[in-house]
Amino acid sequence: MKSEGQIYIEEAVRKTSIEGKYDVIVCGGGPAGVAAAVKASRNGAEVLLLEKEGSLGGTWTNSLVTWLMDIDNKTGILEELVFGVRSMGSLYDRQNKDYSFGTEDMKYVMEQIVVRAGVTVCYHTLVVDVVLETIRQSGKDKPTVKGVITESKSGRKAFLAHIVVDATGDGDVAVLAGCGFDVGEAETQIVQPMSMQALICGLSPKEVRPWCLNYESIPGEAQQNFRELFERYKIPISYTMPVLIHLKGDLFSVSINHMYNVPCDDVCKITEATISARREILEALRKLAVEDKYWSRMIIVETSNTIGVREGRRIHGNYMITRQDIISGKHFEDGICEVTFNVDIHDAENGAWSDGGVSVRPYQIPLRSLIASDVYGMALAGRLICGDFYAHASYRVGGNVLKTGEAAGVLAALAVRTGRELDQIPFVEVQKRI
Ligand SMILES: Cc1cc2nc3c(=O)[nH]c(=O)nc-3n(C[C@H](O)[C@H](O)[C@H](O)COP(=O)(O)OP(=O)(O)OC[C@H]3O[C@@H](n4cnc5c(N)ncnc54)[C@H](O)[C@@H]3O)c2cc1C
(Lines give C-alpha, C1' and ligand atoms only; values in the text may rest on other atoms or scores of the structure.)
Protein backbone atom coordinates (compact mmCIF):
# COMPACT_ATOMS: atom_id res chain seq x y z
CA MET A 1 0.00 0.00 0.00
CA LYS A 2 1.21 3.51 -0.82
CA SER A 3 1.43 5.59 2.35
CA GLU A 4 0.16 9.16 2.22
CA GLY A 5 2.57 11.61 0.60
CA GLN A 6 4.82 8.86 -0.72
CA ILE A 7 5.44 9.27 -4.44
CA TYR A 8 8.27 6.82 -5.15
CA ILE A 9 10.30 3.98 -3.72
CA GLU A 10 14.04 3.63 -4.00
CA GLU A 11 15.33 0.50 -5.71
CA ALA A 12 18.61 -1.09 -4.66
CA VAL A 13 21.59 -0.49 -6.97
CA ARG A 14 22.22 -3.78 -8.76
CA LYS A 15 24.71 -5.50 -11.01
CA THR A 16 23.25 -6.81 -14.26
CA SER A 17 25.03 -9.61 -16.09
CA ILE A 18 26.20 -8.95 -19.64
CA GLU A 19 24.48 -11.64 -21.68
CA GLY A 20 26.15 -10.88 -25.00
CA LYS A 21 27.99 -8.40 -27.21
CA TYR A 22 26.82 -7.74 -30.75
CA ASP A 23 27.62 -5.37 -33.59
CA VAL A 24 23.99 -4.33 -33.94
CA ILE A 25 21.00 -4.79 -31.67
CA VAL A 26 17.58 -4.29 -33.25
CA CYS A 27 14.82 -3.62 -30.71
CA GLY A 28 11.39 -4.69 -31.97
CA GLY A 29 10.63 -7.44 -34.48
CA GLY A 30 7.88 -5.71 -36.46
CA PRO A 31 8.28 -5.31 -40.24
CA ALA A 32 10.83 -2.50 -39.83
CA GLY A 33 12.84 -4.44 -37.23
CA VAL A 34 12.86 -7.57 -39.38
CA ALA A 35 14.10 -5.61 -42.40
CA ALA A 36 16.75 -3.83 -40.30
CA ALA A 37 18.04 -7.06 -38.72
CA VAL A 38 18.21 -8.94 -42.02
CA LYS A 39 19.96 -6.13 -43.87
CA ALA A 40 22.46 -5.50 -41.07
CA SER A 41 23.30 -9.19 -40.93
CA ARG A 42 23.60 -9.55 -44.70
CA ASN A 43 26.02 -6.62 -44.64
CA GLY A 44 28.37 -8.38 -42.29
CA ALA A 45 27.16 -7.41 -38.81
CA GLU A 46 26.52 -9.78 -35.94
CA VAL A 47 22.91 -8.98 -35.08
CA LEU A 48 20.61 -9.56 -32.12
CA LEU A 49 16.86 -8.99 -32.61
CA LEU A 50 14.86 -8.44 -29.41
CA GLU A 51 11.07 -8.80 -29.46
CA LYS A 52 8.61 -8.66 -26.59
CA GLU A 53 6.03 -10.97 -28.23
CA GLY A 54 6.41 -14.57 -29.40
CA SER A 55 6.56 -13.95 -33.13
CA LEU A 56 7.84 -11.52 -35.73
CA GLY A 57 5.73 -9.10 -37.76
CA GLY A 58 4.47 -6.66 -35.10
CA THR A 59 1.30 -4.94 -36.26
CA TRP A 60 1.14 -7.14 -39.38
CA THR A 61 0.83 -10.35 -37.38
CA ASN A 62 0.13 -9.72 -33.70
CA SER A 63 -2.42 -7.00 -34.54
CA LEU A 64 -3.75 -8.86 -37.62
CA VAL A 65 -3.26 -5.94 -40.06
CA THR A 66 -3.31 -7.92 -43.30
CA TRP A 67 -3.02 -5.49 -46.21
CA LEU A 68 0.19 -3.93 -47.59
CA MET A 69 0.11 -0.33 -48.75
CA ASP A 70 2.50 1.80 -50.80
CA ILE A 71 4.41 -1.12 -52.21
CA ASP A 72 4.00 -0.82 -55.99
CA ASN A 73 7.23 1.14 -56.41
CA LYS A 74 9.25 -0.90 -53.89
CA THR A 75 11.54 -3.93 -54.14
CA GLY A 76 14.00 -5.56 -51.71
CA ILE A 77 12.85 -7.50 -48.65
CA LEU A 78 9.26 -6.76 -49.61
CA GLU A 79 9.71 -9.05 -52.62
CA GLU A 80 11.10 -11.85 -50.48
CA LEU A 81 8.15 -11.56 -48.12
CA VAL A 82 5.50 -11.53 -50.81
CA PHE A 83 7.15 -14.41 -52.67
CA GLY A 84 7.17 -16.35 -49.40
CA VAL A 85 3.56 -15.70 -48.40
CA ARG A 86 2.29 -16.35 -51.91
CA SER A 87 4.05 -19.68 -52.04
CA MET A 88 2.17 -20.58 -48.84
CA GLY A 89 -1.19 -19.81 -50.41
CA SER A 90 -1.75 -16.19 -49.36
CA LEU A 91 -3.83 -14.35 -51.93
CA TYR A 92 -1.34 -11.54 -52.48
CA ASP A 93 -1.45 -10.60 -56.18
CA ARG A 94 0.22 -7.32 -57.06
CA GLN A 95 -1.08 -7.22 -60.62
CA ASN A 96 -4.67 -7.38 -59.49
CA LYS A 97 -4.06 -4.91 -56.65
CA ASP A 98 -4.73 -7.58 -54.04
CA TYR A 99 -2.25 -6.87 -51.25
CA SER A 100 -3.58 -9.24 -48.60
CA PHE A 101 -1.65 -11.91 -46.72
CA GLY A 102 -2.29 -14.61 -44.13
CA THR A 103 -0.81 -13.68 -40.76
CA GLU A 104 0.53 -17.19 -40.04
CA ASP A 105 2.18 -17.22 -43.47
CA MET A 106 3.82 -13.86 -42.73
CA LYS A 107 5.08 -15.01 -39.31
CA TYR A 108 6.63 -18.13 -40.82
CA VAL A 109 8.21 -16.37 -43.79
CA MET A 110 9.71 -13.64 -41.60
CA GLU A 111 11.17 -16.18 -39.19
CA GLN A 112 12.71 -18.16 -42.05
CA ILE A 113 14.26 -15.06 -43.64
CA VAL A 114 15.65 -13.83 -40.32
CA VAL A 115 17.07 -17.21 -39.33
CA ARG A 116 18.61 -17.75 -42.78
CA ALA A 117 20.26 -14.34 -42.56
CA GLY A 118 22.02 -15.48 -39.37
CA VAL A 119 20.25 -13.10 -36.98
CA THR A 120 20.00 -14.16 -33.33
CA VAL A 121 16.37 -13.74 -32.24
CA CYS A 122 15.22 -13.41 -28.64
CA TYR A 123 11.44 -13.51 -28.05
CA HIS A 124 9.49 -12.62 -24.91
CA THR A 125 12.13 -10.01 -24.15
CA LEU A 126 11.18 -6.46 -23.26
CA VAL A 127 13.79 -3.74 -23.66
CA VAL A 128 13.51 -1.73 -20.44
CA ASP A 129 16.60 0.46 -20.40
CA VAL A 130 19.71 1.47 -22.32
CA VAL A 131 23.42 1.46 -21.53
CA LEU A 132 24.75 4.98 -22.09
CA GLU A 133 28.20 6.54 -22.12
CA THR A 134 28.89 10.22 -22.55
CA ILE A 135 31.27 11.10 -25.35
CA ARG A 136 32.76 14.56 -25.80
CA GLN A 137 32.97 15.75 -29.40
CA SER A 138 33.59 19.25 -30.72
CA GLY A 139 33.54 20.55 -27.14
CA LYS A 140 30.07 19.09 -26.50
CA ASP A 141 29.01 16.13 -24.40
CA LYS A 142 26.63 13.78 -26.18
CA PRO A 143 25.30 10.51 -24.77
CA THR A 144 26.19 7.42 -26.79
CA VAL A 145 24.09 4.26 -26.71
CA LYS A 146 26.27 1.26 -25.94
CA GLY A 147 23.64 -1.41 -25.40
CA VAL A 148 20.28 -2.24 -23.85
CA ILE A 149 18.88 -3.79 -20.68
CA THR A 150 16.10 -6.34 -21.00
CA GLU A 151 13.61 -8.07 -18.73
CA SER A 152 12.24 -11.53 -19.44
CA LYS A 153 11.56 -14.86 -17.77
CA SER A 154 15.35 -15.24 -17.78
CA GLY A 155 15.69 -12.17 -15.57
CA ARG A 156 17.29 -8.79 -16.12
CA LYS A 157 20.12 -8.85 -18.67
CA ALA A 158 22.45 -6.44 -20.44
CA PHE A 159 23.34 -6.73 -24.12
CA LEU A 160 26.08 -4.50 -25.53
CA ALA A 161 26.36 -3.27 -29.12
CA HIS A 162 28.08 -0.77 -31.39
CA ILE A 163 24.77 0.39 -32.81
CA VAL A 164 21.22 0.04 -31.48
CA VAL A 165 18.27 0.29 -33.86
CA ASP A 166 14.97 1.37 -32.32
CA ALA A 167 12.22 -0.39 -34.27
CA THR A 168 9.71 -0.63 -31.41
CA GLY A 169 7.02 1.32 -33.27
CA ASP A 170 6.46 3.64 -30.32
CA GLY A 171 10.11 4.66 -29.82
CA ASP A 172 10.43 3.06 -26.37
CA VAL A 173 14.20 2.64 -26.60
CA ALA A 174 14.97 6.10 -27.96
CA VAL A 175 12.97 7.61 -25.11
CA LEU A 176 14.87 5.50 -22.57
CA ALA A 177 18.05 6.93 -24.10
CA GLY A 178 16.74 10.47 -23.53
CA CYS A 179 15.84 11.32 -27.12
CA GLY A 180 13.31 14.05 -27.74
CA PHE A 181 10.10 13.15 -29.54
CA ASP A 182 6.73 14.42 -30.74
CA VAL A 183 3.37 12.76 -30.47
CA GLY A 184 0.02 13.62 -32.00
CA GLU A 185 -1.05 16.70 -33.90
CA ALA A 186 1.04 19.72 -32.90
CA GLU A 187 -1.83 21.99 -31.83
CA THR A 188 -4.49 19.57 -30.60
CA GLN A 189 -2.20 16.74 -29.40
CA ILE A 190 -4.82 14.36 -30.83
CA VAL A 191 -3.46 10.96 -31.87
CA GLN A 192 -5.05 8.66 -34.39
CA PRO A 193 -7.32 5.98 -32.90
CA MET A 194 -6.18 2.45 -32.16
CA SER A 195 -8.07 -0.47 -33.74
CA MET A 196 -8.42 -4.16 -33.04
CA GLN A 197 -8.85 -6.61 -35.90
CA ALA A 198 -10.27 -10.13 -35.97
CA LEU A 199 -9.90 -13.24 -38.11
CA ILE A 200 -13.04 -15.06 -39.19
CA CYS A 201 -13.71 -18.11 -41.34
CA GLY A 202 -16.57 -20.27 -42.62
CA LEU A 203 -17.86 -17.73 -45.18
CA SER A 204 -18.13 -18.34 -48.88
CA PRO A 205 -15.72 -15.90 -50.61
CA LYS A 206 -18.15 -15.72 -53.55
CA GLU A 207 -21.11 -14.74 -51.41
CA VAL A 208 -19.34 -12.03 -49.39
CA ARG A 209 -17.52 -10.58 -52.40
CA PRO A 210 -19.40 -7.22 -52.48
CA TRP A 211 -18.02 -6.36 -49.04
CA CYS A 212 -14.44 -7.47 -49.68
CA LEU A 213 -11.59 -5.00 -50.20
CA ASN A 214 -9.75 -7.49 -52.43
CA TYR A 215 -12.37 -7.35 -55.17
CA GLU A 216 -13.59 -3.76 -55.21
CA SER A 217 -13.49 -1.94 -58.52
CA ILE A 218 -14.13 1.60 -57.22
CA PRO A 219 -12.01 2.84 -54.25
CA GLY A 220 -14.04 2.78 -51.04
CA GLU A 221 -16.87 0.75 -52.62
CA ALA A 222 -16.41 -2.41 -50.52
CA GLN A 223 -16.09 -0.45 -47.29
CA GLN A 224 -19.22 1.53 -48.08
CA ASN A 225 -21.12 -1.71 -48.80
CA PHE A 226 -19.82 -3.27 -45.60
CA ARG A 227 -20.89 -0.25 -43.59
CA GLU A 228 -24.40 -0.42 -45.07
CA LEU A 229 -24.61 -4.04 -44.04
CA PHE A 230 -24.11 -3.11 -40.38
CA GLU A 231 -26.53 -0.19 -40.75
CA ARG A 232 -29.18 -2.48 -42.26
CA TYR A 233 -29.28 -4.53 -39.06
CA LYS A 234 -28.76 -1.49 -36.78
CA ILE A 235 -25.48 -2.90 -35.48
CA PRO A 236 -23.39 -0.05 -34.05
CA ILE A 237 -19.71 0.04 -35.06
CA SER A 238 -17.21 2.76 -34.20
CA TYR A 239 -15.27 2.68 -37.51
CA THR A 240 -17.65 3.91 -40.17
CA MET A 241 -15.57 2.56 -43.07
CA PRO A 242 -15.18 -1.06 -41.88
CA VAL A 243 -12.87 -3.41 -43.76
CA LEU A 244 -13.29 -7.04 -44.78
CA ILE A 245 -10.25 -8.69 -46.38
CA HIS A 246 -10.11 -12.17 -47.93
CA LEU A 247 -6.79 -13.79 -46.92
CA LYS A 248 -6.89 -17.37 -48.27
CA GLY A 249 -9.37 -20.26 -48.50
CA ASP A 250 -12.33 -19.18 -46.38
CA LEU A 251 -10.21 -17.06 -44.02
CA PHE A 252 -10.87 -13.30 -43.71
CA SER A 253 -9.80 -10.39 -41.52
CA VAL A 254 -12.22 -7.77 -40.23
CA SER A 255 -11.69 -4.24 -38.91
CA ILE A 256 -14.73 -2.40 -37.51
CA ASN A 257 -13.62 -0.30 -34.54
CA HIS A 258 -11.81 2.89 -33.55
CA MET A 259 -10.60 3.45 -29.99
CA TYR A 260 -10.06 7.16 -29.44
CA ASN A 261 -7.51 9.15 -27.45
CA VAL A 262 -5.43 6.22 -26.30
CA PRO A 263 -1.78 7.21 -25.70
CA CYS A 264 0.79 4.60 -26.77
CA ASP A 265 2.48 4.75 -23.34
CA ASP A 266 -0.57 4.36 -21.07
CA VAL A 267 -1.12 0.64 -20.43
CA CYS A 268 -4.26 1.21 -18.35
CA LYS A 269 -5.94 3.08 -21.22
CA ILE A 270 -4.62 0.54 -23.74
CA THR A 271 -6.13 -2.24 -21.62
CA GLU A 272 -9.50 -0.45 -21.45
CA ALA A 273 -9.40 0.09 -25.22
CA THR A 274 -8.51 -3.57 -25.79
CA ILE A 275 -11.40 -4.87 -23.71
CA SER A 276 -13.82 -2.42 -25.25
CA ALA A 277 -12.68 -3.13 -28.83
CA ARG A 278 -12.90 -6.89 -28.31
CA ARG A 279 -16.41 -6.61 -26.92
CA GLU A 280 -17.47 -4.43 -29.84
CA ILE A 281 -16.11 -6.85 -32.46
CA LEU A 282 -17.53 -9.98 -30.87
CA GLU A 283 -20.97 -8.52 -30.20
CA ALA A 284 -21.25 -6.93 -33.66
CA LEU A 285 -20.15 -10.04 -35.55
CA ARG A 286 -22.35 -12.35 -33.50
CA LYS A 287 -25.36 -10.15 -34.24
CA LEU A 288 -24.49 -10.09 -37.93
CA ALA A 289 -24.33 -13.90 -37.93
CA VAL A 290 -27.81 -14.05 -36.40
CA GLU A 291 -29.35 -11.47 -38.75
CA ASP A 292 -27.85 -12.22 -42.17
CA LYS A 293 -27.98 -15.56 -43.99
CA TYR A 294 -24.60 -15.11 -45.74
CA TRP A 295 -22.95 -14.53 -42.37
CA SER A 296 -24.69 -17.28 -40.43
CA ARG A 297 -21.89 -19.80 -41.02
CA MET A 298 -19.21 -17.41 -39.77
CA ILE A 299 -16.78 -18.66 -37.12
CA ILE A 300 -14.77 -16.08 -35.21
CA VAL A 301 -11.23 -17.49 -35.17
CA GLU A 302 -9.57 -14.85 -32.98
CA THR A 303 -9.35 -11.21 -32.09
CA SER A 304 -5.85 -9.76 -32.15
CA ASN A 305 -3.74 -10.25 -29.06
CA THR A 306 -2.39 -6.71 -29.24
CA ILE A 307 -4.52 -3.78 -30.31
CA GLY A 308 -3.17 -1.99 -33.39
CA VAL A 309 -1.37 1.28 -32.64
CA ARG A 310 -1.54 3.63 -35.62
CA GLU A 311 0.40 6.39 -33.99
CA GLY A 312 3.04 6.46 -31.27
CA ARG A 313 6.02 8.72 -30.68
CA ARG A 314 8.01 10.24 -33.53
CA ILE A 315 11.62 10.42 -32.45
CA HIS A 316 13.75 13.49 -33.17
CA GLY A 317 16.25 12.76 -35.92
CA ASN A 318 18.70 14.68 -38.05
CA TYR A 319 15.86 15.68 -40.39
CA MET A 320 12.13 16.06 -39.76
CA ILE A 321 9.89 15.27 -42.74
CA THR A 322 7.19 17.94 -42.78
CA ARG A 323 3.73 18.61 -44.13
CA GLN A 324 5.32 21.07 -46.55
CA ASP A 325 7.74 18.39 -47.81
CA ILE A 326 4.93 16.01 -48.65
CA ILE A 327 2.81 18.69 -50.30
CA SER A 328 5.73 19.82 -52.47
CA GLY A 329 6.93 16.30 -53.23
CA LYS A 330 10.39 16.96 -51.82
CA HIS A 331 13.28 14.81 -53.00
CA PHE A 332 16.54 14.61 -51.06
CA GLU A 333 20.16 13.85 -51.90
CA ASP A 334 19.87 11.03 -49.31
CA GLY A 335 16.37 9.83 -50.24
CA ILE A 336 15.95 6.12 -49.42
CA CYS A 337 12.56 5.54 -51.06
CA GLU A 338 9.63 7.34 -52.60
CA VAL A 339 6.35 7.59 -50.68
CA THR A 340 3.19 7.77 -52.79
CA PHE A 341 0.58 7.06 -50.12
CA ASN A 342 -1.84 9.84 -49.22
CA VAL A 343 -2.29 11.34 -45.77
CA ASP A 344 -4.56 8.90 -43.95
CA ILE A 345 -5.82 10.34 -40.68
CA HIS A 346 -8.32 8.15 -38.90
CA ASP A 347 -10.11 10.87 -37.01
CA ALA A 348 -12.12 11.19 -33.85
CA GLU A 349 -14.93 13.18 -35.40
CA ASN A 350 -16.95 10.84 -37.56
CA GLY A 351 -15.33 7.46 -37.17
CA ALA A 352 -13.86 7.54 -40.68
CA TRP A 353 -10.70 9.11 -42.07
CA SER A 354 -9.57 12.25 -43.82
CA ASP A 355 -6.53 13.53 -45.69
CA GLY A 356 -6.26 16.48 -43.28
CA GLY A 357 -6.57 18.85 -46.22
CA VAL A 358 -3.21 17.68 -47.57
CA SER A 359 -2.65 16.49 -51.11
CA VAL A 360 0.53 14.40 -51.31
CA ARG A 361 2.94 14.59 -54.23
CA PRO A 362 5.35 11.63 -54.27
CA TYR A 363 8.19 12.53 -51.90
CA GLN A 364 11.21 10.83 -50.40
CA ILE A 365 12.24 9.75 -46.92
CA PRO A 366 15.77 11.07 -46.27
CA LEU A 367 18.29 8.81 -44.50
CA ARG A 368 18.87 11.61 -41.96
CA SER A 369 15.37 11.13 -40.56
CA LEU A 370 16.53 7.63 -39.49
CA ILE A 371 19.39 8.91 -37.31
CA ALA A 372 18.51 9.92 -33.73
CA SER A 373 19.70 13.47 -33.21
CA ASP A 374 20.02 13.53 -29.41
CA VAL A 375 22.35 10.54 -28.97
CA TYR A 376 25.13 8.81 -30.86
CA GLY A 377 24.83 5.18 -31.85
CA MET A 378 21.09 4.94 -32.44
CA ALA A 379 19.30 4.41 -35.76
CA LEU A 380 15.52 4.62 -36.16
CA ALA A 381 13.32 2.32 -38.25
CA GLY A 382 9.61 2.11 -38.98
CA ARG A 383 6.72 4.36 -38.06
CA LEU A 384 8.72 6.11 -35.29
CA ILE A 385 11.16 7.91 -37.65
CA CYS A 386 11.42 11.69 -37.55
CA GLY A 387 8.48 13.41 -39.19
CA ASP A 388 5.55 15.62 -38.29
CA PHE A 389 1.97 14.45 -37.73
CA TYR A 390 0.92 14.79 -41.39
CA ALA A 391 4.03 13.19 -42.87
CA HIS A 392 3.72 10.28 -40.45
CA ALA A 393 0.09 9.81 -41.47
CA SER A 394 1.39 9.17 -44.98
CA TYR A 395 4.70 7.25 -44.68
CA ARG A 396 3.63 4.97 -41.77
CA VAL A 397 2.39 2.12 -44.03
CA GLY A 398 3.81 -1.21 -45.23
CA GLY A 399 6.25 -0.59 -48.05
CA ASN A 400 7.79 2.48 -46.44
CA VAL A 401 8.38 0.99 -43.00
CA LEU A 402 10.19 -1.92 -44.64
CA LYS A 403 12.43 0.49 -46.57
CA THR A 404 13.29 2.47 -43.43
CA GLY A 405 14.23 -0.85 -41.80
CA GLU A 406 16.44 -1.85 -44.71
CA ALA A 407 18.21 1.51 -44.74
CA ALA A 408 18.68 1.58 -40.94
CA GLY A 409 20.11 -1.96 -41.03
CA VAL A 410 22.58 -1.18 -43.81
CA LEU A 411 23.60 2.08 -42.16
CA ALA A 412 24.19 0.33 -38.82
CA ALA A 413 26.31 -2.40 -40.44
CA LEU A 414 28.41 0.16 -42.32
CA ALA A 415 28.95 2.18 -39.15
CA VAL A 416 30.23 -0.94 -37.40
CA ARG A 417 32.43 -1.92 -40.33
CA THR A 418 34.02 1.51 -40.73
CA GLY A 419 34.04 2.56 -37.07
CA ARG A 420 32.28 5.80 -38.00
CA GLU A 421 29.29 7.59 -36.54
CA LEU A 422 26.00 6.96 -38.33
CA ASP A 423 25.93 10.47 -39.81
CA GLN A 424 29.44 10.03 -41.25
CA ILE A 425 28.52 7.18 -43.61
CA PRO A 426 28.37 8.36 -47.26
CA PHE A 427 24.81 7.95 -48.54
CA VAL A 428 26.02 6.34 -51.76
CA GLU A 429 27.32 3.39 -49.71
CA VAL A 430 23.89 2.87 -48.16
CA GLN A 431 22.07 3.41 -51.43
CA LYS A 432 24.05 0.65 -53.17
CA ARG A 433 22.84 -1.88 -50.60
CA ILE A 434 19.11 -1.11 -50.18
C1 LIG B 1 -5.23 -0.65 -37.18
C2 LIG B 1 -4.12 -0.44 -38.17
C3 LIG B 1 -4.38 -0.61 -39.52
C4 LIG B 1 -3.37 -0.43 -40.44
N5 LIG B 1 -3.63 -0.67 -41.77
C6 LIG B 1 -2.60 -0.71 -42.63
C7 LIG B 1 -2.82 -1.17 -43.98
O8 LIG B 1 -3.94 -1.52 -44.38
N9 LIG B 1 -1.74 -1.22 -44.80
C10 LIG B 1 -0.50 -0.84 -44.39
O11 LIG B 1 0.46 -0.94 -45.16
N12 LIG B 1 -0.27 -0.40 -43.14
C13 LIG B 1 -1.30 -0.34 -42.25
N14 LIG B 1 -1.07 0.07 -40.97
C15 LIG B 1 0.27 0.60 -40.60
C16 LIG B 1 1.34 -0.45 -40.43
O17 LIG B 1 0.85 -1.72 -40.14
C18 LIG B 1 2.32 -0.06 -39.35
O19 LIG B 1 2.63 1.27 -39.42
C20 LIG B 1 3.58 -0.89 -39.42
O21 LIG B 1 3.28 -2.19 -39.00
C22 LIG B 1 4.65 -0.30 -38.56
O23 LIG B 1 5.74 -1.19 -38.51
P24 LIG B 1 6.86 -1.03 -37.39
O25 LIG B 1 7.78 -2.18 -37.59
O26 LIG B 1 7.37 0.35 -37.43
O27 LIG B 1 6.08 -1.16 -35.99
P28 LIG B 1 5.23 -2.32 -35.36
O29 LIG B 1 4.53 -3.11 -36.39
O30 LIG B 1 4.39 -1.65 -34.31
O31 LIG B 1 6.31 -3.26 -34.66
C32 LIG B 1 6.98 -2.89 -33.46
C33 LIG B 1 7.50 -4.16 -32.79
O34 LIG B 1 8.27 -3.81 -31.66
C35 LIG B 1 7.92 -4.64 -30.55
N36 LIG B 1 8.22 -3.87 -29.34
C37 LIG B 1 7.62 -2.71 -28.93
N38 LIG B 1 8.18 -2.27 -27.80
C39 LIG B 1 9.16 -3.16 -27.46
C40 LIG B 1 10.09 -3.23 -26.40
N41 LIG B 1 10.16 -2.27 -25.44
N42 LIG B 1 10.93 -4.29 -26.34
C43 LIG B 1 10.88 -5.25 -27.31
N44 LIG B 1 10.02 -5.23 -28.34
C45 LIG B 1 9.18 -4.19 -28.44
C46 LIG B 1 6.44 -4.91 -30.78
O47 LIG B 1 6.02 -6.06 -30.09
C48 LIG B 1 6.38 -5.06 -32.30
O49 LIG B 1 6.65 -6.38 -32.70
C50 LIG B 1 -2.07 -0.06 -40.01
C51 LIG B 1 -1.80 0.09 -38.65
C52 LIG B 1 -2.80 -0.10 -37.73
C53 LIG B 1 -2.49 0.02 -36.28
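**Exercise 1. Describe the place and surroundings of Ser100.**

*Solution.* Step 1: Ser100 is located in the loop between helix 2 and helix 3; helices (H or I, at least four residues) and strands (E, at least two) are DSSP runs, numbered from the N terminus. The model is a predicted one, in which local features need pLDDT of at least 70 and side-chain atom pairs count only at pLDDT 80 or more, while totals for chains, interfaces and linings use all residues. Residues are numbered from 1 along each chain as its sequence is written, and side-chain values use heavy atoms, with hydrogens and water left out.

Step 2: Ser100 has a relative accessibility of 0% and therefore counts as buried. The classes are buried (under 20% relative accessible area), exposed (over 50%) and partly exposed (in between), with a 1.4 Å probe and protein chains only.

Step 3: The side chains of Ser100 and Asp98 are joined by a polar contact of 2.8 Å. A polar contact is a pair of N or O atoms within 3.5 Å; within protein, one must be able to donate a hydrogen and the other to accept it, and residues adjacent in sequence count only if both atoms are side-chain atoms.

Step 4: Leaving aside residues up to four places away in sequence, Ser100 touches residues including Thr66, Trp67, Asn214 and His246, where contact means heavy atoms within 4.5 Å.

**Exercise 2. Determine how many salt bridges the rule counts, and examine the pairs of Asp72, Glu231 and Asp344.**

*Solution.* Step 1: The count comes to 26 salt bridges, each being a side-chain nitrogen of Lys or Arg within 4 Å of a carboxyl oxygen of Asp or Glu.

Step 2: Asp72 pairs with Lys97 in a salt bridge at 3.1 Å, N to O. Asp72 lies in the loop between strand 2 (47–50) and helix 2 (77–87), and Lys97 in the loop between helix 2 and helix 3 (103–116), so the pair ties together parts 25 residues apart in sequence. Asp72 is partly exposed, at 45% relative accessible area.

Step 3: Glu231 and Arg227 form a salt bridge whose closest N and O atoms are 3.0 Å apart. These residues are four apart in helix 5 (residues 221–232), so about one helical turn separates them. Glu231 is partly exposed at 43%, and Arg227 is partly exposed at 26%.

Step 4: Asp344 and Arg396 meet through their side chains in a salt bridge of 3.2 Å, N to O. Asp344 is in the loop between strand 13 (335–339) and strand 14 (345–346), and Arg396 is in the loop between helix 8 (389–395) and helix 9 (398–418), 52 residues apart. Asp344 is buried at 9%, and Arg396 is buried at 15%.

**Exercise 3. Characterise the interface between domain 1 and domain 2.**

*Solution.* Step 1: Domain 1 covers 17–186 + 311–431 and domain 2 covers 197–303; the bounds come from an automatic or database domain assignment. The contact takes 26 residues from domain 1 and 22 residues from domain 2.

Step 2: About 1800 Å² is buried between the domains, with carbon and sulfur atoms giving 61%. Buried area is the accessible area (1.4 Å probe) that two parts lose on being put together, summed over both.

Step 3: Two salt bridges are counted between domain 1 and domain 2. Eight residue pairs are in polar contact across the interface, both residues at pLDDT 80 or more.
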